[in-house]
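Trainee: I'm new to this one. Could you take me through a single part up close, the place where the ligand sits and the strands around there?

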Amino acid sequence: MSIQPVGQSFGRSVVDQKTVWIGTSWKMNKRPAEAIAAARALESFQPPEGIQSFVIPPFTSLRDVCSVLEDSALMVGAQNMHWEDSGAWTGEVSAPMIAECGAFIVEIGHSERRQHFGETDWTVNLKVHAALRHGLRPLICIGDTADEFEFGVSQETLARQVKIALHGVSQKDLGRVLIAYEPVWAIGSAGRPAEAPFVSEIHTKLRAVVREMAAESGVRIPLLYGGSVSQANIRDYVALPDVDGVFVGRAAWEPADFMTLVGSVSELVSRKIAA
Ligand code: PGA
């Protein structure tokens, strides 16, 4: 199975249904020189068959990391964007700016943006449309808060977030969307990783939601899990039938750790794609 970077092929509508996605956002870490060094360390990395890897550097390093990884097997993404192409939006960057840097993916709606920077389901939807218009692959992050989890409304919250994020997206464009379920209570050093059976249940229900939305085209929207993924638990998540990959933070910031994590699910992924 050959996996091509998809950002360039604007017209491609259907993702490889069996690809397992493993990526990391460096968040607000790595100054430009550090980011370039990390990209160089990843440059010749060849993920095992069936795995598409990606890294998401800060904006200050996006162009450099894209150029170091241009001919590599990894895709590069951006951490956020504005929904307009240009204009008086001080401090923001747009989809065409990101695309011209050479990025293929853009992360939209991470809980840290929702929590600290006023991101809403509505702005997520605007950004998803803008990303798709410019040939980027939106990686839409959704997640329940600790309160929503406690009150037993995780599923309702996630269904709402997905339905609003994808509202008005054409069947063709649904083939370029990625979704990451990241429980807010599982993210970061204060988080606790979600139990695999819980993730399985959530993803099965999410699968039903996205399947219904993509009923006409039949595309399988990749559903990733994120939140305290580590060497200790990555296999538990990747083994789940409705988990199409993982989105990792701290445990993958060091290139060597990232490559070890990806390599550690090699056999599991070959069994999964052969099934
Ligand atoms: P973490 O971050 O793996 O450090 O918990 C995950 C994320 O925010 O995507």
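Mentor: Let's begin with a bit of vocabulary: two strands pair if DSSP finds at least two bridges between them, and helices (H or I, at least four residues) and strands (E, at least two) are DSSP runs, numbered from the N terminus. Bear in mind that this is a predicted model, where local features need pLDDT of at least 70 and side-chain atom pairs count only at pLDDT 80 or more, while totals for chains, interfaces and linings use all residues. Residues are numbered from 1 along each chain as its sequence is written, and side-chain values use heavy atoms, with hydrogens and water left out.

Now the strands: eight of them form a closed barrel, S1-S2-S3-S4-S5-S6-S7-S8, with parallel pairing. Take S7 (residues 223–226) and S8 (residues 245–248), parallel strands joined by two bridges. Tyr-225 has Val-246 in S8 as its bridge partner.

On to the ligand. Around it you'll find Lys-27, His-110, Glu-182, Ala-186, Ile-187, Gly-188, Gly-227, Ser-228, Phe-247, Gly-249 and Arg-250 (a residue is near a molecule if one of its heavy atoms lies within 4 Å of it). Three side chains offer an N or O atom to a ligand oxygen: Glu-182 at 2.5 Å, Arg-250 at 2.6 Å and His-110 at 2.7 Å; a polar contact is a pair of N or O atoms within 3.5 Å. The protein covers 99% of the 280 Å² of accessible area that the ligand has on its own (Shrake-Rupley method, 1.4 Å probe).

Methods:
A polar contact is a pair of N or O atoms within 3.5 Å; within protein, one must be able to donate a hydrogen and the other to accept it, and residues adjacent in sequence count only if both atoms are side-chain atoms.
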